[in-house]
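Trainee: I've got a model open and I'd like to learn how to read it. Can you walk me through it?

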Amino acid sequence: MIEMLKGWAVTLCAGAVVAALAKMLIPSGKMEKIFQVVLGVFFLCCLISPFLSIGGLDLELDVSAFQQEVAQSSASLADQVNAQVKTQIEKRIAALVQESLDEAEVRPKKITVDMDIAEDGGISMKQVTVLLNEKDASKKEAVDTALQSTLGLSPVVTVAGE
């Protein structure tokens, strides 16, 4: 019991010294009142700290639920980021295809980019499909060759009505 009182006295003295030093360093003005409140709370904590260890108060927090929630949130965030990155890549590839087709003076009816997100977050391009108008049917082979050299993979080029 006497050891506890000694510890309490030391804590109070140290808290008082720290509070006095901090009070001297506090700038005057608007923030002075906030700092005084913080110092008051600090000193109160010094006052009641020995009582918290008496009577077997268990202040241990179970953080496993919090860690689980953080893990779920981070997985959800990673999925959202991957989906956004996938969408942006699809748009960029469609723009590259459109640029290549503009050079060949072809107006496609539709450009579809099919991509996949792997378990590890890697994004891979599965297929690019280009639907040409019937008037551009004669340019199908040229479009296929141009896109293959641009993309590095064989696109699926079809003509509307086939």
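**Reading the helix pair and the sheet**

Mentor: Sure, and let's begin with a crossing: α3 passes α4 in a right-handed sense. Keep in mind that this is a predicted model.

Trainee: At what angle do the axes of α3 and α4 cross?

Mentor: The general idea is that two packed helices are described by the angle between their axes and the distance between the axes. Here the axes of α3 and α4 cross at roughly 135 degrees and come within 10 Å. That makes α3 oblique to α4.

Trainee: Which residues in α3 and α4 meet?

Mentor: From α3 you have I93, V97, S100 and L101, and they meet V143, A146, L147, T150 and L151 in α4. Sort that contact by class and you get seven nonpolar residues, two polar ones and no charged ones.

Trainee: Then what about charges elsewhere: how many salt bridges does the structure hold?

Mentor: Three. One to look up is between the side chains of K86 and E90, at 3.9 Å from N to O. These two are four residues apart in helix α3, so about one helical turn separates K86 from E90.

Trainee: On to the sheet. In what order do the strands come?

Mentor: The order is β1-β2-β3, in an open sheet of three strands with mixed pairing. β1 (108–117) and β3 (156–159) are at the edges with a single partner strand each, so each has one side left without a neighbour in the sheet. On average, neighbouring strands here are turned by 15 degrees against each other, direction ignored.

Trainee: You said mixed. In which sense do β1 and β2 pair?

Mentor: Antiparallel, over nine bridges, with β2 spanning residues 123–132. You can follow the register residue by residue: D114 has Q127 in β2 as its bridge partner, and V113 has V128. While you're tracing that, remember that in a regular strand the side chains alternate between the two faces of the sheet. β1 and β2 form a hairpin with five residues between them, and G121 in the turn has a positive phi of about 95 degrees.

Trainee: And how many bridges join β2 to β3?

Mentor: Four, and this pair runs parallel. For a landmark, find L131, which stands opposite T158 in β3.

Trainee: Last one: where do the helices lie on the strands?

Mentor: Helix α3 (residues 64–103) lies across β1 and β2 and runs at about 145 degrees to β1. Helix α4 (residues 140–151) lies across β2 and β3, at about 155 degrees to β3.

Note on methods. Residues are numbered from 1 along each chain as its sequence is written. This is a predicted model: local features need pLDDT of at least 70, side-chain atom pairs count only at pLDDT 80 or more; totals for chains, interfaces and linings use all residues. Side-chain values use heavy atoms; hydrogens and water are left out. Two strands pair if DSSP finds at least two bridges between them. Axes are lines fitted to C-alpha atoms, for helices over the stretch in contact, and angles run from 0 to 180 degrees between N-to-C directions. Contact means heavy atoms within 4.5 Å. Angles under 35 degrees count as roughly parallel, over 145 as roughly antiparallel, 65 to 115 as roughly perpendicular and the rest as oblique. A crossing is left-handed if the near helix is turned anticlockwise from the far one by less than a right angle, and right-handed if clockwise. Ala, Val, Leu, Ile, Met, Phe, Trp, Tyr, Cys and Pro count as nonpolar, Asp, Glu, Lys and Arg as charged, and the others, Gly among them, as polar. A salt bridge is a side-chain nitrogen of Lys or Arg within 4 Å of a carboxyl oxygen of Asp or Glu.
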